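Could you walk me through this structure? I'm new to it and would like a plain tour of its sheets and its cavities.

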Amino acid sequence: MKIATTRAVIATAAILLAAGSLTACSNGSSNGSSASTATASSAKIGLLLPDSVTARYESADKPYFEAKVTALCPDCTVLYANADGDASKQQQQAESMLTQGVNVLVLDPFDGEAAASIVGEAKAKNVPVISYDRLIDSPDSSAYISFDNEKVGELQGQALVDDLKKTGVPAGAGIIMVNGSPTDNNATLFKKGAHSVIDTSGYKVLAEYDTPGWDPAQAQTWVAGQITQFGSQIKGLYAANDGTAGGAIAALKGANVSPLPPVTGQDAELAGIQRILSGDQYMTVYKALKPEAEQAATLAVALAKGQAVNGTSTTNTAGGAAIPSFLLVPVAVTVDNIESTVVADGFYTAAQICTADYAAACATAGIK
Ligand code: GAL
């Protein structure tokens, strides 16, 4: 996919957001109700992120979000907390923010089901909650902002299957799958999308694992066990994100597997992009985190001031509630389109990617 398309999609979403969704709330509708509404120029906004084993949260989501809030509302305050992969810690963090009088919560749940109780407590205080990146299993979220996550899985599965076919790996050959965390609704969607391609590809899933807390170390341990069990039968490796891909590749290298099978990823982490350049990882999925975080900030400021949110689509929770949603489009990245995706979009500069170890690979890949 050309980067132009991505920009167009993001721009469209932003226009929809600006034009369609922000209307002054005069009748006290369910989103952004009166009791917690902030003054015109200031608000307390809570940002709760799920883990610190994945690079994106501290290096992208948080700074993009804070910068947008400051731009939109210089007197607003952002209260930030990272759950470090612990649902009860996130519960405590949210309760502390509610006690401190936040006007809105932006919550990326470590555990989508457990986080429903946070939404319940917030609702009791008339504090709206935005489901950020991961869907909270609650009918009372005011909005959901994310990507088309099943599409992420489809892109990963397709890239893996295409590469196996391109390199002549015969049908029936084995793949192992390192999925994401079982408490993360996104992981379920990635897995579903990947299986929708892999299961009809002719290749065989030898084994798969749901990685607790998306922990790269646990992914590494599991893959090491699969190498012992299946050895050279492993012709392809599905990893749900770059963090777990890094763990899987460390296990493969630790077992002196050579050549490495194609390995997928997600998040376009710098380390992931550099592994693609060195040939250790085959692909990743670029999700433009800046527009995602900025949309969340824009909605948070609006909700804090009592404005209603309409969304550009709706997403159903497991319980069947339709949540107003803003879903962005993911992009598959291989060595062939690093320049036209993450560099062209300003996610990284060529200088950040093409450090001494990768300079030659960058030149070959046309990254400048
Ligand atoms: C997912 C998120 C991914 C990912 C993972 C690990 O929910 O969409 O970008 O890296 O969590 O935190």
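Here is a walk through the sheets first and the cavities after that.

Keep in mind that this is a predicted model. Let's start with the seven-stranded sheet, which is open and has mixed pairing. Reading across, its strands come in the order S2-S1-S3-S4-S5-S11-S10. The two ends of that row are strand S2 (77–82) and strand S10 (313–316), and each of these edge strands pairs on one side only. If you look from one strand to its neighbour, the average turn between them is 25°, with direction ignored.

Now go to the S10 end of the row. S10 runs antiparallel to strand S11 (residues 322–328), and four bridges join the pair. You can pick out individual partners here: Ser313 is bridged to Ser325 in S11, while Asn316 sits opposite Ala322, also in S11. These two strands make a hairpin with five residues between them, and in this hairpin Gly320 has a positive phi near 95°.

What packs on this sheet? One answer is helix H10 (residues 289–304), which touches S1, S3, S4, strand S5 (143–147) and S11. The direction of H10 makes about 175° with that of S5. Another helix to find is H2 (residues 56–72), which lies across strand S1 (44–49), S2, strand S3 (104–107) and strand S4 (129–132). Set against S2, helix H2 runs at about 165°.

Next, look for the sheet of three strands. This one is open too, with the order S7-S6-S8 and parallel pairing. Strand S7 (204–210) and strand S8 (234–239) have a single partner strand each, so one side of each is left without a neighbour in the sheet. Neighbouring strands here are turned by 15° on average, again ignoring direction. In the middle of the order, strand S6 (residues 174–179) pairs with S8 in the parallel sense through five bridges. As an example of a bridge, Met177 has Tyr238 in S8 as its partner.

With the sheets in place, let's turn to the empty spaces. Rolling a probe the size of a water molecule over the atoms shows where empty space is left. How many cavities of 30 Å³ or more are there? The count is two.

The largest cavity has a volume of about 100 Å³. It is lined by 14 residues, and those closest to its centre are Tyr57, Arg134, Asp184, Phe190 and Trp214. Helix H2, which we met lying across the strands, turns up again: H2 and helix H6 (185–198) each supply at least two residues of this lining. By type, the lining of the largest cavity has three nonpolar residues, four polar and seven charged. Why does the largest cavity lie between domain 1 and domain 2? Domain 1 (6–147 + 289–330) and domain 2 (149–286 + 332–365) both give residues to its lining, so the cavity lies between them.

The second largest cavity has a volume of about 40 Å³. Its lining is made of Ala87, Gln90, Gln91, Asp111, Ala114, Ala115 and Ile118. Helix H3 (residues 87–99) gives the most to that lining, with three residues. In this lining four residues are nonpolar, two are polar and one is charged.

Definitions and conventions:
Residues are numbered from 1 along each chain as its sequence is written. This is a predicted model: local features need pLDDT of at least 70, side-chain atom pairs count only at pLDDT 80 or more; totals for chains, interfaces and linings use all residues. Side-chain values use heavy atoms; hydrogens and water are left out. Two strands pair if DSSP finds at least two bridges between them. Axes are lines fitted to C-alpha atoms, for helices over the stretch in contact, and angles run from 0 to 180 degrees between N-to-C directions. Contact means heavy atoms within 4.5 Å. On a 1 Å grid over the protein atoms alone, a cavity is a set of points where a 1.4 Å probe fits but cannot get out, and a pocket is an open set with protein on both sides within 12 Å along at least five of seven lines; lining residues have an atom within 4 Å of a point. Grid points are joined across faces, edges and corners, and a volume is the space filled by probe spheres set on the points. Ala, Val, Leu, Ile, Met, Phe, Trp, Tyr, Cys and Pro count as nonpolar, Asp, Glu, Lys and Arg as charged, and the others, Gly among them, as polar. Domain bounds come from an automatic or database domain assignment.
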